[in-house]
Each structure stands twice: as C-alpha cells, then as structure tokens.
Amino acid sequence: MRIRLFVSAIAGLLSFAGASLADQEIRDVRFGVDGERTRVVIETAEPADFRAFTLDGFSDRLVVDMPDMRWSVSGLTTGEGMGHGLVDTFRFFNNSTSSSRVVFELEHPAVIVDQFALDPSDPGGNHRLVIDVERVTAETFESSSGFSHTRAESLDSLIAERVEAVYVPPERERRVIVVDAGHGGHDPGSIGRSGTHESDVTLEAARELRRQLEATGRYEVFMTRERDVYPSWGERVAVMADVRADLFISLHADSSGNSGVRGAAVYTLNDTAENRARQRARQDADHTMQIDVNNILVELELREKRNQSSAFAEVLLQNLGSAGPLLANPHRQANLFVLLDPRVPAVLLEMGFLTNATDESNLTSASARRTQMSAVVRGIDSYFAQRGDDVLFAGSDTVAARTR
C-alpha cells in the first residue's frame, strides 16, 4: 500500500529546528468546524516548525510531523483523543529519535487548504500550529495524497525515476571523489606565522590526496582547482554535480588568535546551512507535479546527505587521529556554502592551524602531508566499505601500500 511506503519514507525525515527538548511540548489539541472545513490547532510551549500532509490507504489520515516533543495535554495522558468535524480520532507518538507525529483519522476524505503557525495571543500563552482541511471526494483526496502523481510503484522506484534522494552511488568501476583546495587566486585564506598562505597548503594537500586516491585504483578524482586561481563557491559546488560525485571533501587550514591552538577538525552542515540548502533545493525541485511531494523528496535528500556526511566525518576523524592531534570535539558544524549541495555527502577538513608553529611546519612538510592524506584515504576507504562497496576493496591489502 502507498501509505506504508510513504510512512516508512517520512519516518526518517530531517529533525526540525526549534527550542531545546526540555522546552518542547504539546499542551493542547483542539478543533473548530465551519461548514465543510475543520480547523486543527496544536498548541505548543515554544515555536516549532511542522509539516502536514494527507495519506490514503487503510484509512484516510492527516499527518503532522514536528520536532521531538513531549506530550503534556491535560486529561489525555495516553496521547490519544477524540476529534471533531472531519476528524474522528487522533494519536501522538515519537516516530524517530528526533521527531514526533500526530496522526488524525479522518471521518471523510479531506485536503489541506491552509497551514500556518501563530504566536501566542496573550503573553505567556501557547504557540499554535494551525491546519485547515476541507471535505472533498474520494477521487480528489486520492489524487492529492501520497505519491499519486508518479508512475513509481514504491519509494525506491520513485527515487530512481525522479531524483537521487537516497544516496546510492551509480554503478561504476571506481567511486568519484571531488577534492576542493580551499581559497586560491586573489583569496590567500589564512596566513601563517611564517607567511604561509592557506591557499598554497590546501592546493598541495589536494594534489597529494588525489595522487594517493588514484594510486589505489579505486577512485577517480576531480579537483575544483588545479592551480592558484579562485573558483567561486558556486563553481566549486557545480563540479560535484557535473561529475555526479560520490563524495566531496574541501581542504582548509585554520587560524586562531591563540597561537597555542592546534589540531584538525571536520565540519558538516549546521541547521542554518541546511535551511539554505533546503531553500536552494526547493527552488530547483521539479521531481513531480506536486509541490508537497517535491518538498518531501527534498527533505529525504537532505536527511540522507546529512546522515552520510556525518558518517563520513566520523570515520575520517577516527583515521585522522593517528596522523596528528585533533581539536576538542573535532566533529563540528558550520554554515558553509561549499557543503550546500543537497545530494552529495560532503565535509570540510581543517587540516591544522597556520597560526600554530608546529601545525604550520607540518602543513608545509611533504612528509607530514603524505601522512595526513594517507589517513584521509583510509577514512574514505572505511566510509565506502561501511556502505557495502566490498567489490572496490577486493585485494585492498595489496594496494593500500601504494597510498603511503
């Protein structure tokens, strides 16, 4: 049934921005009826993003997804209640570790005609999530719910037909890696204590990483720049799209006002950057004729990209630790344009601090550079091995020596 596929897909949606878990709670659910329309109001302690959609299947349903919430509705300790108007019953549950859901069983097929959020009407009052639904025919309901505007029979075939929403690298003999040497040209980046330019060390590191990756025979490598020029952020991102990359890594060197700070760190998207990526992706989304379906697919793309980027960051750090010191809490998040493509797993590696004498010496040392980039290659190998690309690693013990 479409409903099962759809619920399975949505269950992994991206966690929403909002107040901390301690402040996030649902305090009331109420209804208003006006002729053929029913207004559903969910009252929360703090403002919250939400997403409402309808599903057809064993029963007709209105679904509201929200950030992780606590249920604090007086008199409804089980999270279940009776509706009014077009709503028969409703129930609350946590559908993942980072999101919650309220499902409203509909008395009659209905479509969403409006959804919005309202601030408290009185100081100290509740915030309100409002969804207006209107009675329609069964045919109209079916045509406007779920993935009804696609020939796909399942979520997997929908993704294959319309988008690469769930990250499954295309079949090819070698994985495609895009290596971005940060800065360049008119933008030297950070400048070290001895006058070292970040743009120079990132280019040398990118060349060394490409050499080692290609030596394995498992990877095809593209660079966003081959010399001392400055590609725009958009041009850097475009490279990974043009070559349908499996992975993107941007190399940088950090700076600090404290010359004692040193060590590597890996960055992935933070919530602000993810919202930017969401807006960009929605502007370009034309996966189906339905804007709601497009938006859902965008969320799937972003959630999968963020999951895979984080997975890559973790295995990368596990290997980088053997090549030199890491910053405290070395997996960090930031609003970085070069990571914004919604499909390709991507990280930004700060290789060390040019403002630290030891790090600067290592960043300009061919030997230290080989050691660090060898750790990056092992991290990339581990990432793809965890994804099940076993065929790439047949005989990997014999080729691993070539990367050193």
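These exercises walk through a predicted model of one protein chain.

## Exercise 1. The chain as a whole

Task: Find how many helices and strands the chain has, and what share of its residues count as buried.

Solution.
- Step 1. Take the secondary structure: the protein chain has 10 helices and 16 strands.
- Step 2. Turn to burial. Of the 404 residues, 51% count as buried.
- Step 3. Look at the contacts between residues at least 6 apart in sequence. Of these, 73% join residues at least 24 apart.

## Exercise 2. Two helices that cross

Task: Describe how helix H4 and helix H9 cross, and say which residues make the contact.

Solution.
- Step 1. Locate the helices. H4 covers residues 198-216, and H9 covers residues 366-386.
- Step 2. Compare the axes. They come within 9 Å and cross at roughly 50°.
- Step 3. Classify the angle. Oblique angles are those outside the ranges under 35, 65 to 115 and over 145 degrees. H4 is therefore oblique to H9.
- Step 4. Give the hand: the crossing of H4 with H9 is right-handed.
- Step 5. List the contact. H4 brings Glu204, Ala205, Glu208, Leu209, Arg211, Gln212, Leu213 and Thr216. H9 brings Arg369, Arg370, Met373, Ser374, Val376, Val377 and Ile380.
- Step 6. Sort these residues by kind. Seven are nonpolar, three are polar and five are charged.

## Exercise 3. The nonpolar cores

Task: Find the largest nonpolar core and say which elements supply it.

Solution.
- Step 1. Start with its size: the largest nonpolar core has 36 residues.
- Step 2. Pick out the residues with the most contacts inside this core. They are Val179, Leu209, Ile249, Leu251, Leu349, Val376 and Ile380.
- Step 3. Trace the elements that each supply at least two residues of this core. The strands are E11 (175-181), E12 (219-223), E13 (247-254), E14 (264-269) and E16 (346-353). The helices are H4, H7 (291-320) and H9.
- Step 4. Find the largest share. H9 gives seven residues to this core.
- Step 5. Look for another core. One of 27 residues lies apart from the largest, and Val64, Met69, Ala110 and Val133 are among its members.
- Step 6. Return to Val179 and leave out residues up to four places away in sequence. Val179 then touches Ala206, Leu209, Val221, Phe222, Met223, Thr224, Ile249 and Leu251.

## Exercise 4. Two positive phi values

Task: For His183 and Asn329, give phi, and decide whether each residue is buried or exposed.

Solution.
- Step 1. Recall the background. Most residues other than glycine have a negative phi.
- Step 2. Check His183. Its phi is positive, near 65°. His183 sits in the loop between E11 and H4.
- Step 3. Judge its burial. The cut-off for buried is under 20% relative accessible area. His183 has 18% relative accessibility, so His183 counts as buried.
- Step 4. Check Asn329. Its phi is positive too, near 50°. Asn329 belongs to strand E15, residues 326-334.
- Step 5. Judge its exposure. Exposed means over 50%. Asn329 has a relative accessible area of 64%, so Asn329 is exposed.

## Exercise 5. Far in sequence, and in space

Task: For Ala346, Val344, Gly32 and Thr137, give the place and the C-alpha distance to a partner along the chain.

Solution.
- Step 1. Ala346 is in strand E16. Its relative accessibility is 2%, so Ala346 counts as buried. Leu269 is 77 residues away in sequence, with 8.6 Å between the C-alpha atoms.
- Step 2. Val344 is in the loop between E15 and E16. At 6% relative accessibility, Val344 is buried. Val237 is 107 residues away along the chain, and the C-alpha atoms are 9.8 Å apart.
- Step 3. Gly32 is in strand E1, residues 25-34. At 28% relative accessibility, Gly32 is partly exposed. Gly85 is 53 residues away in sequence and 7.5 Å away, C-alpha to C-alpha. Beyond neighbours within four places in sequence, Gly32 contacts Arg37, Thr38 and Arg39.
- Step 4. Thr137 is in the loop between strand E10 (127-135) and helix H2 (138-144). At 43% relative accessibility, Thr137 is partly exposed. Val111 is 26 residues away along the chain, with the C-alpha atoms separated by 9.5 Å.

How values were computed: Residues numbered from 1 in each chain as written. Predicted model: local features only at pLDDT ≥ 70, side-chain atom pairs only at ≥ 80, totals over all residues. Heavy atoms only, no water. Axes fitted to C-alpha atoms, helices over the stretch in contact; angles between N-to-C directions. Helix = DSSP H or I, 4+ residues; strand = E, 2+ residues; numbered from the N terminus. Left-handed = near helix turned anticlockwise from the far one by under 90°. Contact = heavy atoms within 4.5 Å. Nonpolar A, V, L, I, M, F, W, Y, C, P; charged D, E, K, R; others polar. Core = buried A, V, L, I, M, F, W, Y, C linked by side-chain atoms within 4.5 Å. Buried < 20%, exposed > 50% of the residue type's maximum accessible area, 1.4 Å probe, protein only.
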